[in-house]
Amino acid sequence: MGVTVDVHQVFQYPFEQVVACFLRKYPNPMDKNVISVKTVEEKKDESTGLIYRKRIAICQNVVPEILRKASSTLMILCWTEVSILKVPDVQLEEESWLSLQERNMAIRSHCLTWTQYASMKEESVFRESVENPNWTEFIQRGRISITGAGFLNCILETFASTFLRHGAQKGIRIMEMLLKEQCGAPLVE
C-alpha cells in the first residue's frame, strides 16, 4: 500500500543562504535523532557549475519498542528473521544536485536500512520563490511502503507517516531558527 507525505515551505531568505544552512543543519542538538552526516562523494561539473553531493546520515532507530516486539513475535510465527527492527541506528543516503546559476537544488534520499522490508524515499527541491526572488521555496514528497510484516504493515506505515510529518515540521523549525541566528530577521519585501 504505502503512504505519502508532502511538505511545502517558503523561507523568507535568499536561496544561497537557505541551501548553505540546509547543508550544515545536521547534526544539531535540536534534533537528537540525527547522529551524524558524512559527505562520501562531491564533484563539480566545470562546464555547467552543477555540484553533486552524496551524503550518508546515521539516525537513531525511532521505531517504538512495542512495535519492535510485535514485529519480532510476528517474525517468529512466520519463520523469518527476528531482529530486523532491533537495530540501534538507521542509515539514509542523500544525493543532491546544486545549481547556483539556476538557483535550485534537487535532493533524493532513501533508506539503506531494512531495504528488504521497507522502502522510504524522499524527493525535495529548494528553488527561488516565484513570489519573491529573495525568498526560497522548499517542496518535499516522501513515500513509505512496508512489506513482509503482515497485518503490522499498516501500523508501521502509519507510525512512519506520522514520524515523517513531525520530522519535516521539526526540520523546517530548525532551518528557520538557524537562518535567523546566522542571517538575522527574515527578508520581508
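**Group meeting: a sheet and its helices**

Helix α3 (residues 152-183) lies across β1, β6 and β7, running at about 10° to β1. For that angle, axes are lines fitted to C-alpha atoms, for helices over the stretch in contact, and angles run from 0 to 180 degrees between N-to-C directions. Contact here means heavy atoms within 4.5 Å. Helices (H or I, at least four residues) and strands (E, at least two) are DSSP runs, numbered from the N terminus.

This is a predicted model, where local features need pLDDT of at least 70, side-chain atom pairs count only at pLDDT 80 or more, and totals for chains, interfaces and linings use all residues. Residues are numbered from 1 along each chain as its sequence is written, and side-chain values use heavy atoms, with hydrogens and water left out.

Now the overall layout. The protein has three helices and seven strands, in the order β-α-β-β-α-β-β-β-β-α from the N terminus.

How are the seven strands ordered in the open sheet? The order is β1-β7-β6-β5-β4-β3-β2, with antiparallel pairing. Two strands pair if DSSP finds at least two bridges between them. At the edges are β1 (3-11) and β2 (34-44), each of which pairs on one side only. From one strand to the next, the twist averages 15°.

Inside the sheet, β5 (residues 104-111) and β6 (residues 118-128) are joined by seven bridges. M105 stands opposite F126 in β6.

Back to the helices. Helix α1 (residues 15-24) lies across β1, β3 (51-60), β4 (89-99), β5, β6 and β7 (136-146), and runs at about 150° to β6.
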